[in-house]
Amino acid sequence: MKKDSLTNKAYLQIKEMIISNLLEPGEIINEAALQELLHIGRTPIHEALLRLSVEQFVTIIPRKGIEICKFSPKIVHAIFNARLIIEPNTLRRTHSMLDVDWLIKMRKNFAAINENKTLSDMDGLREYIRFDTEFHSTIVTVLDNPYLSTLVDNYMNQITAITIAVTKLSNHSYTANEDHLLVIDHILAGNVEEACTALEDHICRCHVDVINTYLTAY
């Protein structure tokens, strides 16, 4: 396998381990252990970690190892401030581009989570995260702008890691699921500004949840 392919393979596998909290915030790892675990050579592992460092998933500490990022207050604020700027303003442009059948399907998915009250267990949380990521990402990616899509993909992955860590640390489950129903209902009804306002409120609530749970745990 070519080096670039191995680097990308290592990048994706390590990133998934971070997102799923198999590698937990604050944990120190080293390249040799990752080489043995993933059966990938030193250079692809090193290059993958450099890429993850740029994306702020890890911090490379000379003569000590690789620290899984704890997502400092500065990073968390930056993520949610970016969301507040990007998502509602993008929705004003993309609301008419969103497939109605897809919106109805997403509404059913979110409604089922509320009805089944599954957010309190890890399997239910993972399902919610999958729907949440698809919903927020599609609002932006429907524009087919690779720069915005890459940015959104990166911060949604970071939010996934934060959300799973919050649950493990505090047994906290988000109640923001109902916000999605409100946003979708407004989009389907053609109430664009109401949908954007509901989306802004949702992002702000999630921001507060993270500050009050994840950050205080550290």
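Is Phe131 buried or exposed? I shall begin there, and then turn to the aromatic residues around that position. Please bear in mind that we are looking at a predicted model.

Phe131 has a relative accessible area of 6%, and because anything under 20% counts as buried, Phe131 is buried.

Let me place this residue among the ring contacts. Searching the whole structure yields three aromatic pairs. One of them joins Phe110 and Phe131 in an edge-to-face arrangement, with 6.3 Å between the centres and 80 degrees between the planes. Phe110 belongs to helix H5, residues 100-116, whereas Phe131 belongs to helix H6, residues 122-141; the pair therefore ties together parts that lie 21 residues apart in sequence.

What of the partner, Phe110? Its relative accessibility is 0%, so Phe110 is likewise classed as buried.

Phe110 also forms an aromatic pair with Phe135. This pair is edge-to-face, at 5.9 Å centre to centre and with 85 degrees between the planes. Since Phe110 is in helix H5 and Phe135 is in helix H6, this contact ties together parts that are 25 residues apart in sequence. Phe135, at 0% relative accessibility, counts as buried.

Taken as a group, Trp102, Phe110, Phe131 and Phe135 are linked by ring pairs into a cluster.

I close with a contact of another kind, between a charge and a ring. Which residue lies over the face of Tyr11? That residue is Arg51, at 3.5 Å from the ring centre.

Key: Residues are numbered from 1 along each chain as its sequence is written. This is a predicted model: local features need pLDDT of at least 70, side-chain atom pairs count only at pLDDT 80 or more; totals for chains, interfaces and linings use all residues. Side-chain values use heavy atoms; hydrogens and water are left out. Rings of Phe, Tyr and Trp (its six-membered ring) pair if their centres lie within 6.5 Å; planes under 30 degrees apart count as stacked, over 60 as edge-to-face and the rest as tilted. Helices (H or I, at least four residues) and strands (E, at least two) are DSSP runs, numbered from the N terminus. Buried means under 20% relative accessible area, exposed over 50%, partly exposed in between (1.4 Å probe, protein chains only). A charge sits over a ring if NZ of Lys or CZ of Arg is within 6 Å of the ring centre and within 35 degrees of the ring normal.
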